[in-house]
Amino acid sequence: MIATKKQVKLAGLPNFIIVGERRCGSTSLTKWMEAHPEIYMHPKVDLNYFIDDYVKYMRKEWEAGECDYDAWWDNHSAEGYAAEFVSGKDLPARGEKSADLLFWRPAHERMSRVIAPDTKLIITLRNPINRAWSMFWNEVGKKREHLSFEEAVAQEEQRIRESAY
């Protein structure tokens, strides 16, 4: 069988993606994998190709809104994603880490349309209570959380209903 131009362009797609979760060791795993000579890890620690740019695509603050689903496709494609991995095209393993992919709902459909069906998804998990506590303090440090831990946990169900994030 002769490969089409599109198949050749897409041959460089990653064959694994570390999809999360934040505060669960995904960045450490990425650093360890980078040390292997036959693994290409995208140099940007959180590529976030499938996640909307908060400023460019969001109609409202990301904490309280949905994304503009159609706008994302205006400048994203399988070819564009494959182009991110050109530097590692000759290595047997190519991947990236984007921890928010696990929980950001719009990314799931996008990934299903762009990545190869045999792409491996690597999920890192942690004790949920320890992860929530670590995540809370990370968000406080970045000035994205202004509630107490107890108030933030109490608001979580409402936050989930109001936002893709």
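**View 1. Ile115 and its contacts in the predicted model.** Setting aside neighbours within four places in sequence, Ile115 is in contact with Ile17, Phe50, Tyr81 and Leu121. This model is predicted.

**View 2. The largest nonpolar core.** This core has 20 residues. Ile115 is among those that touch the most other members. Ile17, Tyr49, Phe50, Tyr81, Leu101 and Met111 share that role. Strand E1, helix H5 (78-83) and helix H6 (105-114) each supply at least two residues of the core. In soluble globular proteins, nonpolar side chains tend to be buried together.

**View 3. A second core.** Six residues form a separate nonpolar core. Among them are Phe16, Met33, Met41 and Ala93.

**View 4. Strand E3 and its two faces.** E3 covers residues 93-97. Five of its five residues are buried, and the strand is mostly covered. In a regular strand, side chains alternate between the two faces of the sheet. On one side of E3 lie Ala93, Gly95 and Lys97. On the other lie Arg94 and Glu96. Both faces are covered, and the charged names on this list, Lys97, Arg94 and Glu96, are buried too.

**View 5. E3 paired with strand E1.** E1 spans residues 16-20. Three bridges join E1 to E3, and the two strands run parallel. Phe16 has Gly95 of E3 as its bridge partner.

**View 6. E3 paired with strand E2.** E2 spans residues 39-41. Here too, three bridges link the strand to E3, and the pair runs parallel. Tyr40 stands opposite Arg94 in E3.

How values were computed. Residues are numbered from 1 along each chain as its sequence is written. This is a predicted model: local features need pLDDT of at least 70, side-chain atom pairs count only at pLDDT 80 or more; totals for chains, interfaces and linings use all residues. Side-chain values use heavy atoms; hydrogens and water are left out. Buried means under 20% relative accessible area, exposed over 50%, partly exposed in between (1.4 Å probe, protein chains only). Helices (H or I, at least four residues) and strands (E, at least two) are DSSP runs, numbered from the N terminus. Two strands pair if DSSP finds at least two bridges between them. A nonpolar core is a set of buried Ala, Val, Leu, Ile, Met, Phe, Trp, Tyr and Cys residues joined through side-chain atoms within 4.5 Å. Contact means heavy atoms within 4.5 Å.
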